[in-house]
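Subject: The structure we talked about

Hi there,

Here is the structure I promised to hand over. Have a look at it first, and then read on for what I found.

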Amino acid sequence: MSDTATTAQPALAPRPYYTHLGLEILPPENGTLRVVMDAKAELANSRGEVHGGAIASLLDVTISSTLRSTLGDGGAAATVSMTINYLEPGRGRLTGTGRVIRKGRTIASIEAHIHDDKGAIVAHGVGVMRVLRSA
């Protein structure tokens, strides 16, 4: 993984928080978008697993990046609400996969799940995003 986070929209500068988490945003494919994060010591909880807050961040970035990938250049959105269900401990490489459920002019609903490199679903969530700008 590179030392700077990449985005599906290359015109955007890497965000320091994304870089700290080690996120890699992959280009959208077939209506879905993936975000990858490797477990590292500074993201661990007291049991050595990826902290739930880091998993929540991965889910939020997956949800927001999925929506932004549909808005075109200059598109922007903000999280209104997000529901997370933690299903398994996060270990190793985690991948968030998101898809837009419904996108309106001002509000969108996106779902995402996080799975580990063995295929186990670590977390599932749904986010509601406010569409701020759309191309």
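The largest nonpolar core has 27 residues, and those touching the most other members are Leu-23, Met-37, Leu-67, Leu-94 and Ile-114. A nonpolar core here is a set of buried Ala, Val, Leu, Ile, Met, Phe, Trp, Tyr and Cys residues joined through side-chain atoms within 4.5 Å. Buried stands for under 20% relative accessible area, exposed for over 50%, and partly exposed for what lies in between (1.4 Å probe, protein chains only). At least two residues of this core come from each of H1, E2, H2, E5 and E6, and H2 gives the largest share, 7 residues. In soluble globular proteins, nonpolar side chains tend to be buried together.

Before going further, a word on where this comes from. The model is predicted, so local features need pLDDT of at least 70 and side-chain atom pairs count only at pLDDT 80 or more, while totals for chains, interfaces and linings use all residues. Residues are numbered from 1 along each chain as its sequence is written, and side-chain values use heavy atoms, with hydrogens and water left out.

How confident is the predictor? The pLDDT, which is its confidence in each residue from 0 to 100, averages 89 over the protein chain, and 88% of the residues score at least 70. Among the elements, strand E5 (residues 107-116) has the highest mean, 98, and helix H1 (residues 16-21) the lowest, 92. Please treat the start of the chain with care: pLDDT stays under 50 over residues 1-11, and the model has 26 contacts for them beyond four places in sequence. Contact means heavy atoms within 4.5 Å.

Now the overall layout. The protein chain has 2 helices and 6 strands, running α-β-β-α-β-β-β-β from the N terminus on. Both kinds of element are DSSP runs numbered from the N terminus: helices are H or I with at least four residues, strands are E with at least two. Of the 135 residues, 39% count as buried. Among contacts between residues at least 6 apart in sequence, 59% join residues at least 24 apart.

The 6 strands make an open sheet in the order E1-E2-E4-E5-E6-E3, with antiparallel pairing. Strand E1 (24-25) and strand E3 (76-86) are at the edges with a single partner strand each, so one side of each has no neighbour in the sheet. Helix H2 (residues 52-68) packs on the sheet and touches E1, E2, E3, E4, E5 and strand E6 (121-133); its direction makes about 135° with that of E3. Such angles run from 0 to 180 degrees between N-to-C directions, with axes fitted as lines to C-alpha atoms, for helices over the stretch in contact.

Two strands pair if DSSP finds at least two bridges between them. E1 and E2 pair over 2 bridges in the antiparallel sense, with Glu-24 opposite Val-36 in E2. These two strands form a hairpin with 6 residues between them, and Asn-30 in the turn has a positive phi of about 50°. E2 and E4 are also antiparallel, over 7 bridges, and Arg-34 has Thr-97 in E4 as its bridge partner.

Which residues would I click on? Here are a few to try.

- Val-35 lies in strand E2 (residues 32-38) and is buried, because its relative accessible area is 0%. Beyond four places in sequence, Val-35 touches residues including Leu-23, Leu-58, Leu-94 and Thr-95.
- Thr-95 is in strand E4 (residues 93-103) and counts as buried because its relative accessibility is 9%. Leaving aside neighbours within four places in sequence, the contacts of Thr-95 are Arg-34, Val-35, Val-36, His-113, Ile-114 and His-115.
- Ile-114, with the same neighbours within four places left aside, is in contact with residues including Ile-55, Leu-58, Leu-94, Thr-95 and Val-122.
- Val-122 sits in strand E6, buried with a relative accessible area of 0%. Val-122 and Leu-94 are 28 residues apart in sequence and 8.3 Å apart in space, C-alpha to C-alpha.

Happy exploring, and do write back with questions!

Best wishes

Methods:
pLDDT is the predictor's confidence in each residue, from 0 to 100.
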